Amino acid sequence: MNPVVMQLTVRGLLGRRRSLLLVILPALLLGLAGLTRWGSHADVGASAGLVGNFALGTLLPLMCLLIGTGVIGPEIDDGSIVYLLNKPVPRRTILLSKLAVALATTLVFAVLPIAASAAVAGDDHFKLTGAYGLAALLAGIAYTTIFVALSVLTRNAVIIGLLYALLWEGVLGGYVPGVKDVSVRQWALAPAEHLLDAADAAGWGVTSAVSVTVGVTMLAVVVLGAGWIAIGKLKTLRLAAAE
Amino acid sequence: MSSQPIVPAVPAQPAAAEDVIHDIGFRHYDGVRFGRGWIVRSLLVDTLRGIFGLGRPARAKVMPWILVGILLAPPLVVALVAVLTGATSLPITYTEYLSRLWLPIALFVAGSAPYAVSRDLRYGVLPLYMSRPMVRTDYVWARYGGLAIAMFLITAGPQTLLLIGALLAKMPVGDQLTGWLGGLLASAVLAVLLSAIGLVIAAFTPRRGLGVAAIITTLLVVQGISEALSRVARLQGATTWAVLAGAIDPSRLVDGLAAKILDVTPASQFAPTTGGEVAVFVLVYVVLVAGAGALLLRRYRKAGRL
């Protein structure tokens, strides 16, 4: 970790229009959670519906995409990454510093609001908050790492990331059963399901297509693999001419 | 060369055309100039071609055509199944198609709108466009027109594929043609709205990648919010509000309008039914398109960088 690189990354990530979206989206989620509480009289099922579908299924991948592609992608695109790369700092350190900033931002702007929204929308002794908080944390780490790696690997990181998070996980997962086994969301939901009583988990729809062991292992493999690939790619980065 | 015996360093006749900034003595073009309309037409055609990656490097062709493939796959399957099983009606209507495949459609506009406007802003080349006999509204109209036509094509194509499948399966020609024309109308209405929204967001987010993410985030989050609002309103028994919450989501807005005007089955369970609700939908549509257009033109009043 290099404090200067981290500081620069924070400034690049939060000092621009991107930060506007990062603040508006959690605020909208909390507003909706309040409305749901009012509409459903703090029913845990409605709360689980809102957080499980909208927050975990749509908002979390989008937030992670905004953050993950914001820490290193713009610098690669405009070529200013060379000024960072030719400093006597190991590229591993550069990537890990940026990744650390991205993960911290995800925690603050995505994971905590999602857990809070479950508590706001209606909860039974913070059981749902804990379960969805854990799922959001695990999924957030995985999504952010994947999207950081993608933005080092390709210029189309945003669209590829969206195709994966929304089309693959969201739409195809509903039709083709096997697709669900290869899904960050399902992996992250497995420990969350385990955290709740079987009756609660089934009643609130906190269910996963994979077992806890598979889920946690796959998450670890994906996070470490994505980080490793990203470092490897940054070591041999070739800057393409601007289109 | 001219018949003058001495060629002066400075042209002997300084009464050159008024649009010359520096005349350093190169040979002039005296032919016919196509003028403003032709420039707009060229820019529009260039936008349309560029969105599909034509005339750009191979890696720019990948994304649009993957999305076109995703959009064409379901109608192809539906058409094949209809022909092979001899079905008597399509399992999906022409307007329903737009709602079911909302995600790839939204992704397409998110990918194309930044291509159309963000690069010119990012590299600060707008003054070069404006130094031609073209005004800023022409630029906006050409870019907007190109994007809207592209959006229409990517939805009208699959709908036409559905029609071909239906006709090959010997479904009633009259009904299918009416449905198809209605679907095309809905596509056009959707293209006009989506392109306007996409271009505004892209024009305010010139950084690469951010525009794409901002457009898709806006479209999907608005959809999620409108669904959550509808659910809350239904729980509270406020059916009218459940319907009206759909007006903020472009997909449900166009679906509701199409269902009412064309008298087809809506894809959403909260489609407008009463005259008042339809009026609100029409009003929201007009306000969205006009507002986005006004914002765009305002954005280009200062045609420099950010």
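What share of the contacts in chain A with a separation of 6 or more comes from residues 24 or more positions apart? The answer is 79%. Keep in mind that this is a predicted model, and every value below is computed from it.

**The two chains side by side**

Let's start with the overall build. Chain A has twelve helices and zero strands, so there is nothing but α in its run of elements from the N terminus on. Chain B is built in helices too, with eleven of them and zero strands. Here is how the two chains look in numbers.

| Chain | Residues buried | C-alpha span along principal axes | Radius of gyration |
|---|---|---|---|
| Chain A | 51% of 243 residues | about 55 × 35 × 30 Å | 18 Å |
| Chain B | 43% of 306 residues | about 90 × 45 × 35 Å | 24 Å |

For chain A, the 18 Å radius of gyration agrees with what a compact globule of 243 residues would have. Chain B is another story: the globule rule gives 19 Å for 306 residues, and its 24 Å is well over that, so chain B is more spread out than a compact globule. Contacts across long stretches of sequence still show up in chain B, where 77% of the contacts between residues at least 6 apart join residues at least 24 apart.

**Where the chains meet**

The contact between the chains takes 30 residues from chain A and 25 residues from chain B. On the chain A side, the elements giving two or more residues are α2 (17–40), α3 (44–71), α4 (73–78) and α8 (157–175). Helix α2(A) supplies the largest share, ten residues. By type, that side of chain A divides into 19 nonpolar, seven polar and four charged residues.

**The core**

Now for the inside. In soluble globular proteins, nonpolar side chains tend to be buried together. The largest nonpolar core here has 162 residues, and those touching the most other members are Leu60(A), Met63(A), Ile114(A), Tyr132(A), Ala136(A) and Leu199(B). Helix α7 of chain A, residues 127–153, gives the most to this core, with 17 residues.

That helix deserves a closer look. Of the 27 residues in α7(A), 23 are buried, so the helix is mostly covered. From first C-alpha to last, α7(A) reaches 39 Å, close to the 39 Å expected at 1.5 Å a residue.

Which residues does Ala136(A) contact, leaving aside its neighbours within four places in sequence? The partners of Ala136(A) are Leu56(A), Leu60(A), Ala110(A), Val111(A), Ile114(A) and Ala115(A). Two of those names, Leu60(A) and Ile114(A), also appear in the list of core members that touch the most others.

**Two loop residues in chain B**

Finally, a couple of backbone oddities. Lys170(B) is found in the loop between α6 (136–168) and α7 (173–204) of chain B, and its phi is near 60°, a positive value in a residue other than glycine. Asp263(B) also has a phi near 60°, and this residue is found in the loop between α10 (250–262) and α11 (275–299) of chain B.

Are these two buried or exposed? Lys170(B) counts as exposed because it has 12 other C-beta atoms within 10 Å, and the cut-off for exposed is 12 or fewer. Asp263(B) is exposed as well, with 9 other C-beta atoms within 10 Å.

Definitions and conventions:
Residues numbered from 1 in each chain as written. Chains lettered and ligands numbered in written order. Predicted model: local features only at pLDDT ≥ 70, side-chain atom pairs only at ≥ 80, totals over all residues. Helix = DSSP H or I, 4+ residues; strand = E, 2+ residues; numbered from the N terminus. Rg over C-alpha atoms; globule rule 2.2 N^0.38 Å. Buried ≥ 20, exposed ≤ 12 C-beta atoms within 10 Å, placed from the backbone. Contact = placed C-beta atoms within 7 Å. Nonpolar A, V, L, I, M, F, W, Y, C, P; charged D, E, K, R; others polar. Core = buried A, V, L, I, M, F, W, Y, C linked by C-beta atoms within 7 Å. Expected span 1.5 Å × (residues − 1).
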